[in-house]
Amino acid sequence: MLKDIALIIPSGIIYLAFILPQITRVHTSDELCWLMNGIRCLSGKPVFAYSPWLYSWLISIPMRIWGINDISVRLIGIVSVYLSLFLIYLLIKQMYKNKRQVSLFILIANLLYVTHPMVIQGSLIVDIDNTIMTPAFLFLIYSLLRLGHWHRSKFILAILSTVIFLWTKLTAVFLFIGLATLVGYLTGKDEIRISLLFRVFFTGIVIFMLSWVVLSGIFGYSVKFTIDYTLRRLGVGLLHPLRDITVLFSNLTHLTVWFSPYLLLALFILLIRMNWMYLLKYYLGIGIISLLCYLVLTPLEQGFPKYYIPIVGFASILMADEIYSFISNLNPRRFLLIFLMAIVLVLYFYFVPGDIIYSLRYQLRKAFAMIGSNNGNIIICLTRQYVLYFLPLPIILFVFKYILKLKDRVFLLVLIFLGLAGNLALSIQQAKADYLTNYAYGERKTRELVEFLKERVSAKDKIVSASHILYYLDRYSDLIPVSAWSDKDLFFRITRDNDVGFLVYSITSNSLKSYKNIFNDAQIREYLKSNFREMQFGEHTVWIRADR
């Protein structure tokens with residue numbers, strides 16, 4: 001066992017090599033909500049708990065020990081990755097005991113997981129879905145695998161995992177529970193097992209609700225606020241695809257480029273071909289489908305697919321199974337050739353198509369936002385980039401089929417092979433980037449801007465800016481209503497106040513609607529030019545009132 005656990009160490013070291021260059025990057029967007037909740041926990045104030053307040057309490061622990069800084073608030077996300085690696089190990093050991101080289105299987109699955117851009121970038125974002133939800137979900141599946149027909153300690157473990165998952169996030173659990181039960185009955189699964197699952201989930205829900213209500217009462221947190229918020233988001237989310245199909249299209253587009261177009265297609269092929277009677281694959285498949293429901297439930301925050309990050313852990317096990325079967329039948333000469341091809345492909349993806357997310361999340365948005373920009377050029381460049389990204393597919397397919405003479409599952413293996421090479425190249429690019437690579441993708445010079453403003457902003461000055469700029473200036477109280485960034489009249493009323501000495505916005509933090517309704521509006525631009533002077537810090541446009 002110790003030998004197998006030691007296989008987690010190389011993956012853990014590789015993960016550290018990816019995150020250390022990025023661990024002090026600024027926090028932005030939704031992160032500030034959870035960060036402020038952690039700070040409120042420190043001071044004993046009620047939190048605005050959009051999910052059960054376990055996560056807010058957890059991130060406050062390293063804050064209390066090491067102070068409030070960019071590293072301490074990210075420690076829970078980093079620990080979550082290591083817990084996920086250990087749980088992936090446990091799942092594989094539980095269900096693949098008869099594999100001749102189970103250690104190799106574990107190593108492959110963990111390497112797939114820690115080199116994935118969604119995992120690396122997600123662990124650095126202060127939020128629930130991309131941190132503690134993955135180990136909570138994996139722990140639930142592990143406990144259900146051990147459940148069997150009846151065993152008291154295993155029954156208690158399954159209940160405990162259900163309670164922990166509910167403390168992490170409400171909606172995902174009910175999606176998983178509903179689908180697991182429904183599909184179980186439809187596919188004729190063991191009725192005793194399905195009945196036992198129902199008892200586990202029901203008991204877990206009751207214990208969670210009791211603990212949540214009692215502890216929230218003790219600490220002064222509102223259960224009603226969380227339930228109302230969750231139901232409201234679900235209600236709006238269910239209407240989104242009916243009201244605006246672009247939300248669904250945007251979610252799917254961003255999930256595809258972040259997950260890897262190659263790997264997402266491979267995952268769908270695996271789900272279609274999968275033997276659902278095999279218990280681990282059954283639970284992993286249900287987990288994947290339940291999380292994909294978020295495509296129609298809620299839009300993504302700034303294009304980062306945080307809701308789907310647990311899918312990476314599930315997919316790593318399914319794809320590792322395919323890779324393991326493939327590698328175990330290779331002779332040394334073929335293995336060396338494929339290894340060299342992998343190195344060449346990583347270099348190709350790194351230097352030729354480059355960062356496919358940067359062009360989508362930053363360059364394309366900038367082209368549509370800026371007055372006088374040539375949208376045709378950026379669309380041509382984006383098309384060329386994606387053609388280059390998919391160019392290796394027919395070449396590698398030809399090599400695998402006609403040179404290496406592979407016959408079984410060739411297309412699936414090629415997709416996985418290319419997806420892994422592309423993701424590794426992208427993760428390296430993101431680690432080396434001089435811009436933000438999760439929320440506010442492409443943003444530069446934020447810290448320089450903050451230092452510049454600190455030297456010039458007086459106590460009486462008001463600042464109109466995105467939340468993360470205000471947070472680092474310790475001026476969070478200056479935050480304006482979200483609606484003001486798209487309502488021209490409201491924005492005008494706020495900025496006409498002479499106490500507003502500074503206005504800051506950027507294509508990375510503000511929406512295209514803000515540019516259309518406000519920043520590109522002739523009347524507002526005329527007012528700003530007459531009363532402010534303009535400066536540029538990276539992607540940030542800064543307007544300073546003329547008398548400051």
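In this predicted model, Leu503 has Trp543 of β4 as its bridge partner. The pairing of β2 with β4 is antiparallel and spans five bridges. Strand β2 covers residues 500–506, and strand β4 covers residues 540–545.

The β2–β4 pair belongs to an open sheet of four strands. The strand order is β1-β2-β4-β3, with mixed pairing. β1 (462–464) and β3 (532–537) stand at the edges. Each has a single partner strand, so one side of each lacks a neighbour in the sheet. From one strand to the next, the twist averages 20°.

At one edge, β1 runs parallel to β2 and is joined to β2 by three bridges. Within this pairing, Lys462 lies opposite Val500 of β2. At the other edge, β3 and β4 are antiparallel and share six bridges. Here Arg533 has Ile544 of β4 as its bridge partner. β3 and β4 form a hairpin with two residues between the strands. In that hairpin, Gly538 adopts a positive phi near 60°.

Strand β4 is largely enclosed by the rest of the structure, because six of its six residues are buried. Burial applies to both faces of β4. His540, Val542 and Ile544 point one way. Thr541, Trp543 and Arg545 point the other way. Two of these buried residues also appear in the bridges described above: Trp543 is paired with Leu503, and Ile544 is paired with Arg533.

Attention turns next to internal space. Rolling a probe the size of a water molecule over the atoms reveals where empty space remains. Four cavities of 30 Å³ or more are present in the structure. The largest has a volume of about 90 Å³. Its lining consists of Leu112, Thr115, His116, Phe259, Leu263, Val312, Ala315, Ser316, Met319, Leu420 and Asn423. Two elements, α17 (309–327) and α22 (410–432), give two or more residues to this lining. The largest share, four residues, is supplied by α17. By residue type, the lining of the largest cavity comprises seven nonpolar, four polar and no charged residues.

The second largest cavity has a volume of about 80 Å³. Val257, Phe349, Pro353, Gly354, Ile356, Tyr389, Gly422, Asn423, Ala425, Leu426 and Gln429 form its lining. In the second largest cavity, α22 contributes the largest share of the lining, five residues. The lining of the second largest cavity again holds seven nonpolar, four polar and no charged residues. Asn423 lines the largest cavity and also lines the second largest cavity.

Gly354, one of the residues lining the second largest cavity, sits in the loop between α18 and α19 (356–369). Gly354 has a relative accessible area of 17% and is therefore buried, the cut-off being under 20%. Gly354 and Ile343 are 11 residues apart along the chain, and their C-alpha atoms are separated by 15 Å.

The second largest pocket has a volume of about 890 Å³. A total of 25 residues line this pocket. Leu111, Ile327, Phe339, Ala342 and Leu420 lie nearest its centre. Leu420 thus has a place in the lining of this pocket and in that of the largest cavity. Five elements are named as suppliers of at least two lining residues each: α2 (8–19), α6 (102–114), α17, α18 (332–351) and α22. Of the residues lining the second largest pocket, 24 are nonpolar, one is polar and none is charged.

A buried lysine was examined separately. Lys169 is placed in the loop between α9 (152–168) and α10 (170–186). The relative accessible area of Lys169 is 11%, so Lys169 counts as buried. The side chain of Lys169 makes a polar contact with the side chain of Asp129, at 3.1 Å.

Technical notes: Residues are numbered from 1 along each chain as its sequence is written. This is a predicted model: local features need pLDDT of at least 70, side-chain atom pairs count only at pLDDT 80 or more; totals for chains, interfaces and linings use all residues. Side-chain values use heavy atoms; hydrogens and water are left out. On a 1 Å grid over the protein atoms alone, a cavity is a set of points where a 1.4 Å probe fits but cannot get out, and a pocket is an open set with protein on both sides within 12 Å along at least five of seven lines; lining residues have an atom within 4 Å of a point. Grid points are joined across faces, edges and corners, and a volume is the space filled by probe spheres set on the points. Ala, Val, Leu, Ile, Met, Phe, Trp, Tyr, Cys and Pro count as nonpolar, Asp, Glu, Lys and Arg as charged, and the others, Gly among them, as polar. Two strands pair if DSSP finds at least two bridges between them. Axes are lines fitted to C-alpha atoms, for helices over the stretch in contact, and angles run from 0 to 180 degrees between N-to-C directions. Buried means under 20% relative accessible area, exposed over 50%, partly exposed in between (1.4 Å probe, protein chains only). A polar contact is a pair of N or O atoms within 3.5 Å; within protein, one must be able to donate a hydrogen and the other to accept it, and residues adjacent in sequence count only if both atoms are side-chain atoms.
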